[in-house]
Amino acid sequence: MAAPCFEITARDPGSRARAGVLTTAHGTVRTPAFVPLATKAVVKGIEAREVEALGFDMVLGNTFHLWLEPGHELIAGFGGLHEFMGWDRPIITDSGGFQVFSMGHGTVADEVKGRSPYGSQRDGGVHDITEEGVTFKNPRNGDTVFMGPETSMEVQAGLSSDIALVFDECTPFHVDRDYTARSTERTHRWLDRCLAWHAEHGPREQLVYGIVQGGVYEDLRSEAAAAVLSRDPDGIAIGGSLGAEKAQMYEVVGWATAQLEGAAETKPRHLLGIGEVDDLIRGVELGIDTFDCVTPTRLGRHGVALIPEPAKRFRVDLTAAKYKASTEPIEDGCPCPACSHGHSRGYLRYLAKNRELTGLRLLTLHNLVYLARLMRDLRDAIAAGTLAETAQALRGGAPPSQDPVEVAVPAR
Ligand SMILES: [Zn+2]
């Protein structure tokens, strides 16, 4: 396809980790990088230029949600998603496959309606999966709607994202090997349809990533990686079920990235939906370049802050009663507004318990700043040849460097 969009600038001799620069039509992304979610054309609670000032180079928009509301045609009328949301740096859009295939699990209907995903009833969004695509009930109004590979690419073309992901079937954890194998093969046929549509109609400057599926089966993951590579997409995403626990997730990701070494190593690699602190460190060691995940921002909106304490899964739940009178900051020395402005855990707890917008915003800012610092440290360590020591320290509870993360120099 197009000229290589990714340059590797440093490698870690002890793992598959690499640092690099991903070049898109709207500037560059310093990798490895965490990509905050701008699901509905906004990083919840934060304006686009604030996201940039935190040191993030790219955000992820959601094809499914933006298709249903306000619609890609309306956004195209504004000149595309960058203009619509006031963000002139890179945007990656997911394909909508994950949301379409999650119908019936309740979470997508909850996302659409803005409900908490916790403890709500399943909505039972019935869907019909055929070779052509997927038919499902629009969780907004009950209408029957259809999304196939071409629909997804057309929506992403309308959004004018810098990186489009191909439409894939996202298999859940509980399906068996036979189903996973058949589904993975269909995903490859859909990959061909996505690339064919894009070659004819897609924006020339838009990069397209293929998606490696294959569930928790080593041979299927290897075959999927080879099949996706054979189509020569601009980059590779790793999706689908990665297992029931972290050890299995690392193993599955490792199978996929092992297949992407050698001649394919200059393809940028994106890991879908993974963003916990220890998973980001391990993912970088396994050779992942970019990550997206709802966790850091969603946790913030639920009163949970990231902290350098591995025994507590790197998080503190400020809604716990024991923080009621705490005068401590979330993290001493953290440069985020919540910590650097001297807000106490007790005050933030009170705000979060009362769903005060300012509290939810401050916790979101802290969590994003934490991940920006973490990824900066990992990038710097790869460049300095010290990733093993840095990763060990971060895993052990060392806080990421507390200097504010520099904003990337714009491409234009
Ligand atoms: Zn902070």
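## One side of helix α16

In helix α16, four residues are buried: Leu 387, Thr 390, Ala 391 and Leu 394. These four cover an arc of only 95 degrees around the axis, so they sit on the same side of α16. Keep in mind as you look around that this is a predicted model.

Why might a helix gather residues on one side like this? An α-helix has 3.6 residues a turn, so residues three or four places apart point the same way. Now turn to the other side of α16, where Glu 389, Gln 392 and Gly 396 are exposed. Just after α16 comes Gly 397, with a positive phi near 115 degrees.

## What α16 packs against

Which helices do the buried residues of α16 pack against? They pack against α11 (277-285) and α15.

Let's follow the α15 partnership. The axes of α15 (residues 357-384) and α16 (residues 387-396) come within 8 Å and cross at roughly 155 degrees. Angles over 145 degrees count as roughly antiparallel, and that is why α15 is described as roughly antiparallel to α16. On the α15 side, the contact involves Leu 374, Asp 377, Leu 378, Ala 381 and Ile 382; on the α16 side, Leu 387, Thr 390 and Leu 394 take part. Sorted by character, the residues of this contact are 6 nonpolar, 1 polar and 1 charged.

## The nine-stranded sheet

Strands build another part of the picture. An open sheet is formed by 9 strands with parallel pairing, in the order β4-β15-β14-β13-β12-β11-β7-β6-β5. At its edges stand β4 (33-35) and β5 (37-38), each with a single partner strand, so one side of each has no neighbour in the sheet.

For a look inside this sheet, find strand β12 (residues 207-212) and strand β13 (residues 235-238), which run parallel and are joined by 4 bridges. Here Tyr 209 stands opposite Gly 235 in β13.

## A hairpin to compare

How do β2 and β3 run, parallel or antiparallel? Strand β2 (residues 18-24) and β3 run antiparallel, with 5 bridges joining them. One pair to look for is Gly 20 and its bridge partner in β3, Thr 31. The link from β2 to β3 is a hairpin of 2 residues.

Strand β3 (residues 27-31) is also mostly covered, with 4 of its 5 residues buried. As you trace any regular strand, remember that the side chains alternate between the two faces of the sheet.

How values were computed:
Residues are numbered from 1 along each chain as its sequence is written. This is a predicted model: local features need pLDDT of at least 70, side-chain atom pairs count only at pLDDT 80 or more; totals for chains, interfaces and linings use all residues. A residue is buried if 20 or more other C-beta atoms lie within 10 Å of its own, exposed if 12 or fewer, and partly exposed in between; C-beta atoms are placed from the backbone. Two strands pair if DSSP finds at least two bridges between them. Axes are lines fitted to C-alpha atoms, for helices over the stretch in contact, and angles run from 0 to 180 degrees between N-to-C directions. Angles under 35 degrees count as roughly parallel, over 145 as roughly antiparallel, 65 to 115 as roughly perpendicular and the rest as oblique. Two residues are in contact if their C-beta atoms, placed from the backbone, lie within 7 Å. Ala, Val, Leu, Ile, Met, Phe, Trp, Tyr, Cys and Pro count as nonpolar, Asp, Glu, Lys and Arg as charged, and the others, Gly among them, as polar. The arc is that of the directions from the helix axis to the C-beta atoms.
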